Amino acid sequence: MDLLTIVQILDSTLRLATPLLLACLAGLFSERAGIFDIGLEGKMLAAAFFSAAVAYTSGSVWLGLLAGIAASLALSALHGLASITFRGNQLISGVAINFLAAGMTVLIAQDWFSQGGRTPSLFGGGRFEPITLPFADALANVPVLGPIYSELLSGHSILVYVALATVPLTWWILFRTRFGLRLRAVGEAPEAVDTAGVSVVGLRYAAVGICGILCGIAGSYLATGLQAGFVKDMTAGRGYIALAALIFAKWRPWYALGACLLFGLLQAVALRYQNIDLGAFEIPVQFMDALPYILTVVILAGFVGKAIPPRAGGEPYVKER
Amino acid sequence: MTRMQKFFGATAALALSAGAAMAEPALIFDLGGKFDKSFNEAAFTGAKAWADETGNSFREIELQSEAQREQALRRFAESGANPIVMTGFAFGDALGQVAPDYPDTKFAIIDMVVDAPNVRSVVFNEHEGSYLVGMMAAMASESGTVGFIGGMDIPLIRKFACGYVQGVKAVNADAEVIQNMTGTTPAAWNDPVKGSELTKAQISQGADVVYAAAGGTGVGVLQTAADEDILSIGVDSNQNYMHPGKILTSMLKRVDVAVYEAFTSGEDLETGINVMGIGNNGIGYALDEHNKDLITEEMKAAVDEAAAKISSGELVVHDYMADSSCPAE
């Protein structure tokens, strides 16, 4: 395997890991505040559709991105209403959002565009174009570092860099700001936060809102960055892999980056080599596809460290019980 | 007012009885929906062509859920529609149960074989069409490496792949064909992101023509191929218009012809297995204003010659589903 092949696989890894990373960080905010969210998939899907639909209609990808975020926020608000205000079961609300998004996107797409639940292909300003980083072309011929910089790091759409920048930002917000401290506290011991006179409901809504924004970016990236349009069910289970990555990362931002890159790498390798021949035996591609889930189960079973979810996760907060 | 109601009632009854006497044909679309730009829409096109030509009408329903299959079949059969045509292999089980209950009604199912005396099973020789587009891919390729991207890894898609490889090798025995399947679950039909990544991976391994037989995943394949400036090949219906000048051709599966023929024969529909291949215009390749500059005279001549040989039986393309193996890799 030569350097160029490795760079190409890592390049593919970065593209595949970006939606996972954004969705994973979205889940991180929500779950750290004590709201389990298995509706990441649905929110991404809704965002993917509305970003593509608006980008196609308006011809501006930025309006598309805003529409995607708005759609995702609307579903987040629904999740918040059901699980924070009305104290419903968070898992059921999340499942409902997934179903709602899967059905609604196809229905609206069919009604608007009559193309079998697709949006028309985006072109020109309707898509996020790859960005060439400064000096990428000039440095392309430098041995080793040249291809790494010009092929691997340069030439992605802006949302990839946004996703990467979100990791330190998330770390800083959660662990270095007052808001972050309270957000984490609300997921561990909401009664303590309430006693201190800070609104539990407000904090949880804020967390769910941030989750909505990040899912919106993730969905828009799928439809307008990686692809040029929406196809039904195009998230194809990425929301669930992001949840697996979140558990794998033990609800920590930097670990989340590592987990998503690892899962992205596994996918990229599986796509590049159908069956990996190790001489003595062959690893089938199905095994590579299943590996993220297997690794997550291994982590959950406690073989490699312990994954402890936020203590108040999944429980609606009731004052004065 | 009551008189009016009676009047309307009488006309309605008259219309109903008239409908029953004419025995309208019926068409049931699968879950993909009538306007899916592919399989179901082709069926609708065939039915519409028949209606325009004969001036008769037909009945239709778009399924909304799995549970409606049997219900829709029974409703149409009870109301006297004949023949009843349905698109998609997923109707197999439902039809197997319903067909014996209505021995006087003729049914036609596309893409599936149901063994009953009043059922016509229409199957397509996809491997023959794939062979033709494989030949074109090999002739259009400059690198000598071409790609195949399948949807879900099922025997039907392997049949496409196998025919394609045989076509490529027939033109250039040294050509390399990179084959990838998107996945092993139904999600593989709708994952354009994976389709794009597979295309990029194949391009980096030298492929300069990619054939997608992957449903919605194929949208990503065609898009990436167009973005990266290589050629691609569409499937099922004519997809040339999606990226004019970037799609070499499309492998056509003439579902419209199958529906048109079934409607035309009406109640005298011939039952049994009906194989649609190159010989009876059931399979072909697309040539229109979007790809005419890509297809050279030489290419067209070679492919048409092969098509003639296939339909005369002189050339036999191996069918993967016959013995679950492929002679060419």
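Author: In this predicted model, helices are DSSP runs of H or I with at least four residues, strands are runs of E with at least two, and both are numbered from the N terminus. On that basis, W251(A) lies in the loop between α11 and α12 (253–272) of chain A.

Reader: Why is W251(A) called buried?

Author: A residue is buried if 20 or more other C-beta atoms lie within 10 Å of its own. W251(A) has 22 other C-beta atoms within 10 Å, and therefore it is buried. Its phi is near 60°, a positive value in a residue other than glycine.

Reader: What makes D233(A) count as buried, and where is its place in chain A?

Author: The cut-off is again 20 or more. D233(A) has 21 C-beta neighbours inside 10 Å, so it counts as buried. D233(A) is placed in the loop between α10 (200–226) and α11 (238–248) of chain A. Its phi, near 55°, is positive, and the residue is other than glycine.

Reader: What makes A322(B) exposed?

Author: A residue is exposed if 12 or fewer other C-beta atoms lie within 10 Å of its own. A322(B) has 9 such atoms, and so it is exposed. The residue belongs to helix α11 (residues 320–323) of chain B. From C-alpha to C-alpha, A322(B) is 9.9 Å from P155(B), although the two are 167 residues apart in sequence.

Reader: How do you know that the reach of helix α3 of chain A is close to what is expected?

Author: The expected span is 1.5 Å times one less than the number of residues. Helix α3 (residues 61–85) of chain A has 25 residues, for which 36 Å is expected, and from its first C-alpha to its last it reaches 34 Å, close to that value. Just after α3(A) comes R87(A), with a positive phi of about 55°.

Reader: Why is the peptide bond from N82(B) to P83(B) called cis?

Author: The bond has omega near -5°, and it is cis. P83(B) stands in the loop between α3 (68–78) and β3 (84–87) of chain B.

Reader: How do you know that chain A is as compact as a globular protein of that length?

Author: Chain A has 13 helices and two strands. Its radius of gyration is 20 Å and the globule rule gives 20 Å for 321 residues, so chain A is as compact as a globular protein of that length. Along the principal axes, its C-alpha trace spans about 65 × 50 × 40 Å. Of its 321 residues, 47% are buried. Among contacts in chain A between residues at least 6 apart in sequence, 76% join residues at least 24 apart.

Reader: How do you know that chain B is as compact as a globular protein of that length?

Author: Chain B has eleven helices and twelve strands. The globule rule gives 20 Å for 329 residues and the radius of gyration of chain B is 22 Å, close to that value, so the chain is as compact as a globular protein of that length. Its C-alpha atoms fill a box of roughly 80 × 40 × 35 Å along the principal axes. Buried residues account for 54% of its 329 residues. Chain B is divided into domain 1 (2–124) and domain 2 (127–251 + 284–323), and the C-alpha centres of these domains lie 33 Å apart.

Reader: Which residues touch the most other members of the largest nonpolar core, and why is this core said to lie between domain 1 and domain 2 of chain B?

Author: The core has 184 residues, and C24(A), A245(A), A256(A), L95(B) and A137(B) touch the most other members. Its largest share, 14 residues, comes from α10(A). Domain 1 and domain 2 of chain B both give residues to this core, so it lies between them. A137(B), one of the residues with the most core contacts, touches V146(B), V168(B), V209(B), Y211(B), I233(B) and L248(B), not counting residues up to four places away in sequence.

Reader: What makes chain B and chain A partners in contact?

Author: Two residues are in contact if their C-beta atoms lie within 7 Å. By that cut-off, 25 residues of chain B are in contact with 25 residues of chain A. On the side of chain B that touches chain A, two or more residues come from each of β7 (176–183), α7 (192–204) and α8 (217–227) of chain B. The largest share, nine residues, is that of α7(B). By class, this side has eight nonpolar, eleven polar and six charged residues.

Methods:
Residues are numbered from 1 along each chain as its sequence is written. Chains are lettered from A and ligands numbered from 1 in the order in which they are written. This is a predicted model: local features need pLDDT of at least 70, side-chain atom pairs count only at pLDDT 80 or more; totals for chains, interfaces and linings use all residues. Ala, Val, Leu, Ile, Met, Phe, Trp, Tyr, Cys and Pro count as nonpolar, Asp, Glu, Lys and Arg as charged, and the others, Gly among them, as polar. A nonpolar core is a set of buried Ala, Val, Leu, Ile, Met, Phe, Trp, Tyr and Cys residues joined through C-beta atoms within 7 Å. Domain bounds come from an automatic or database domain assignment. The radius of gyration is taken over C-alpha atoms; the globule rule is 2.2 Å times the number of residues to the power 0.38.
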